[in-house]
Amino acid sequence: DGRAAVMVDLIRMAFVCDLTRVATLQITTFQSHMNATVITTAGGVPVRSDLHEVGHNGDTDNRGQLAVSTCLKWHITHYASLMQKLKSTPEGAGTVLDNSVLVFLPEAGHGTQLNDGTSPHATHSVEDMVVLMGGRAGGLRPGKHIVATGQHPVKGLISAMQAAGNPGDTLGEVTGNIPELFT
């Protein structure tokens, strides 16, 4: 929590001072061996494991989905903290958040396992991924839950890139954005 809070503050100050308007808040990765016991215990799903094993259902009671969701919630708490700090910082006629786009994209969703095509609710599935987006840069429309069934999650990233001023509509092999994100 301490390291994450410092990173949030550093990003906020970099934006406020115009040192940069591009940053990555990567506190950890799901491939890390950070002890997840404290996070999962605080979230009510105590798992004695590291973050990597949580993502592989490394719990003997096979509560992997709940533990992964609990760890994601911990990450989202810090993302929300950054959003709140940017929202409470005046800039021009609005706030720093009004002039920003923030994206939270976890490494995977909770759909069918890609490897066997039958295991439901796999922690490394590419289905049912969630993309959280905040800010109003480039005409983004906040406060909406958009169900983009069948859309590749990268379209959310393309939308964020366009909101930040990138005129392109392709990232890798994916083309197009999610029009509902814009006003």
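**View 1. Ser 159 sits inside helix H5.** In this predicted model, let us start with Ser 159, a residue of helix H5. Is Ser 159 buried or exposed? Ser 159 has a relative accessible area of 0%, so it counts as buried. Its side chain reaches the backbone oxygen of Lys 155, at 2.9 Å. If you set aside the neighbours within four places in sequence, Ser 159 is in contact with Asn 177, Ile 178, Leu 181 and Phe 182. A general point about helices helps when reading this view: an α-helix has 3.6 residues a turn, so residues three or four places apart point the same way.

**View 2. Helix H5 is largely enclosed by the rest of the structure.** Stepping back from Ser 159, we can take in the whole helix, which runs over residues 154–163. Seven of its ten residues are buried, and therefore H5 is largely enclosed. Which residues of H5 are buried? They are Val 154, Lys 155, Gly 156, Ile 158, Ser 159, Ala 160 and Ala 163. What do these buried residues pack against? Their partners are four strands: S3 (102–104), S4 (132–134), S5 (170–171) and S6 (174–175). After the helix, look for Gly 165, which follows H5 and has a positive phi, near 110°.

**View 3. Asp 9 and Lys 85 join two helices through a salt bridge.** A search of the whole structure finds four salt bridges, and this view shows one of them, where the side chains of Asp 9 and Lys 85 meet at 2.6 Å, N to O. Asp 9 belongs to helix H1, whereas Lys 85 belongs to helix H4 (residues 64–87), so the pair ties together parts that are 76 residues apart in sequence. How accessible are the two partners? Asp 9 is partly exposed, at 35% relative accessibility. Lys 85 is partly exposed too, with a value of 28%.

**View 4. Asp 18, Arg 21 and Glu 91 form one salt-bridge network.** Begin with Asp 18 and Arg 21, whose side chains meet in a salt bridge at 3.1 Å, N to O. Arg 21 also forms a salt bridge with Glu 91, and here the closest N and O atoms are 2.2 Å apart. Glu 91 lies in strand S1 (residues 90–91) and Arg 21 in the loop between H1 and helix H2 (37–42), so this pair ties together parts that are 70 residues apart in sequence. Through the partners they share, the salt bridges join Asp 18, Arg 21 and Glu 91 into one network. Which member of the network is buried? Glu 91 is, at 19% relative accessibility. Arg 21 is partly exposed, at 32%, and Asp 18 is exposed, at 52%.

**View 5. Asp 18 has a positive phi.** Here we stay with Asp 18, which lies in the loop between H1 and H2. Its phi is near 55°, a positive value in a residue other than glycine. With a relative accessible area of 52%, Asp 18 counts as exposed because that value is over 50%.

**View 6. Met 7 takes part in a nonpolar surface patch.** Met 7 lies in helix H1, which covers residues 2–16. Which residues make up the patch? Val 6, Met 7 and Leu 10 form it, and together they have about 260 Å² of accessible area. Taken alone, Met 7 counts as partly exposed, at 32% relative accessibility.

**View 7. Leu 51 is buried in helix H3.** Leu 51 is part of helix H3, which spans residues 51–54. Its relative accessible area is 0%, so Leu 51 counts as buried. Look for Met 34 as well: Met 34 and Leu 51 are 17 residues apart along the chain, and their C-alpha atoms are separated by 5.5 Å.

**View 8. Cys 17 and Cys 71 differ in exposure.** How many disulfides does the structure hold? The count is zero. Cys 17 is partly exposed, with a relative accessible area of 46%. Cys 71, by contrast, is buried, with a relative accessible area of 0%.

Conventions
Residues numbered from 1 in each chain as written. Predicted model: local features only at pLDDT ≥ 70, side-chain atom pairs only at ≥ 80, totals over all residues. Heavy atoms only, no water. Patch = residues over 30% accessible without salt bridge, like charges linked within 9 Å, V, L, I, M, F, W, Y side chains within 5 Å. Areas by Shrake-Rupley, 256 points an atom, 1.4 Å probe, with all protein chains shown as cover. Buried < 20%, exposed > 50% of the residue type's maximum accessible area, 1.4 Å probe, protein only. Contact = heavy atoms within 4.5 Å. Polar contact = N/O pair within 3.5 Å; in protein donor to acceptor, adjacent residues only side chain to side chain. Disulfide = S-S within 2.5 Å.
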